[in-house]
Amino acid sequence: MRIVRNIEELKLEPKGSLALTPTMGYFHEGHLDLMRKAREANDTLVVSLFVNPTQFGEGEDYERYPRNLERDAAMAESVGVDVLFVPTVDEMFPRRTTQVVVNGVTDRFEGALRPGHFTGVATVVYKLFNIVRPHRAYFGWKDIQQCMVIQRMVEDLNCPVQVEFVETYREPDGLAMSSRNSYLSESERAIAPELHRQLVIASNEVIRNGRSNIGSFHGQLGVYRQALEAKGFSVDYFDLVSLPEFAVATDKDDVIVFIVAAKLGRTRLIDNVRVYWRNNER
Ligand code: AMP
């Protein structure tokens, strides 16, 4: 595996298909699963590791975001990554004069609560696409609104890349793996799986109620918020939306998704569960 620190040295001359998996590092099994999926389906795999300052808001965790290049390099190597691209901030952002702004899907939830976040994400991913020129790029469903932002950017700007979304990789107790889980204290870690548990309860309930009753289901969402608050979470949102726009879910939508963001102490966690209706269920 090559570790490359600047664009000049990247010099990729892939034979066959080239895959890119953008990350911010501090790898866990979710990252490795993403890399394995990309590895299996492509001839060359580039993983970028860049803690992107432009996607963090003021007062967020950019400075304390966990970093460990040595450990990450060993983990990437173990799943057969060809190139680990680890640019510096100056290399990626010598200036910040041009940005990629994706409208619509960014209006609500993460986009509203973290102003500028998705512009930072879209801009860095667009740059990585131009630098690496992958045929395919891999992203995790865990960050579902990010997936929709990237998909929209690729469509709107005709990026010559195929985006692939990979299922959320979870701890045995259901907690979605995340680099930020390392912030959790022992007692917070014990409570954290409740986030996924409430998503599963809600999705089972919406399926039981049936597609035609989605309209009234929105009134029930407070129950899940309160269940989380009772466990000690501070809930930013627990909602039911449609893809790809993140609009209010209706019985016309073939895919709906429960999304949640909540803080446990100083740690902000997000998760989601998708529900696919079979066509004859309307
Ligand atoms: P990050 O380093 O957190 O920016 O994540 C890099 C990529 O890995 C993103 O596309 C994430 O959606 C994805 N990812 C993060 N956590 C998981 C997980 N638990 N399962 C699957 N993919 C994940």
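In the predicted model, Pro 244 is located in the loop that links strand 7 (234–242) with strand 8 (255–264). The peptide bond between Leu 243 and Pro 244 is cis, with an omega of about 5 degrees.

Two further loops contain residues other than glycine with a positive phi. Tyr 26, in the loop between strand 2 and helix 2, has a phi near 50 degrees. With a relative accessibility of 24%, Tyr 26 is classed as partly exposed, because the partly exposed class lies between 20% and 50%. Phe 109 occupies the loop between helix 4 (89–92) and helix 5 (110–113), and its phi is about 50 degrees. The relative accessible area of Phe 109 is 8%; Phe 109 is therefore buried, as this value falls under 20%.

The ligand is surrounded by 17 residues, of which Met 24, His 31, Asp 143, Tyr 169 and Met 177 come nearest. Backbone atoms of three of these residues are placed close to polar atoms of the ligand. A polar backbone atom of Met 24 lies 2.8 Å from a ligand oxygen atom. A ligand nitrogen atom is found 2.8 Å from a backbone N or O atom of Tyr 169, and a nitrogen atom of the ligand is 2.9 Å from a polar backbone atom of Met 177. Of the 480 Å² that the ligand exposes when taken alone, the protein buries 93%.

Strand 2 (18–23), helix 2 (29–41) and strand 5 (136–140) each contribute at least two residues to the shell around the ligand. Helix 2 provides the largest share, three residues. By residue class, the shell comprises seven nonpolar, eight polar and two charged residues.

Technical notes: Residues are numbered from 1 along each chain as its sequence is written. This is a predicted model: local features need pLDDT of at least 70, side-chain atom pairs count only at pLDDT 80 or more; totals for chains, interfaces and linings use all residues. Side-chain values use heavy atoms; hydrogens and water are left out. A residue is near a molecule or strand if one of its heavy atoms lies within 4 Å of it. A polar contact is a pair of N or O atoms within 3.5 Å; within protein, one must be able to donate a hydrogen and the other to accept it, and residues adjacent in sequence count only if both atoms are side-chain atoms. Accessible areas come from the Shrake-Rupley method with a 1.4 Å probe; for residues, only the protein chains shown count as cover. Helices (H or I, at least four residues) and strands (E, at least two) are DSSP runs, numbered from the N terminus. Ala, Val, Leu, Ile, Met, Phe, Trp, Tyr, Cys and Pro count as nonpolar, Asp, Glu, Lys and Arg as charged, and the others, Gly among them, as polar. Buried means under 20% relative accessible area, exposed over 50%, partly exposed in between (1.4 Å probe, protein chains only).
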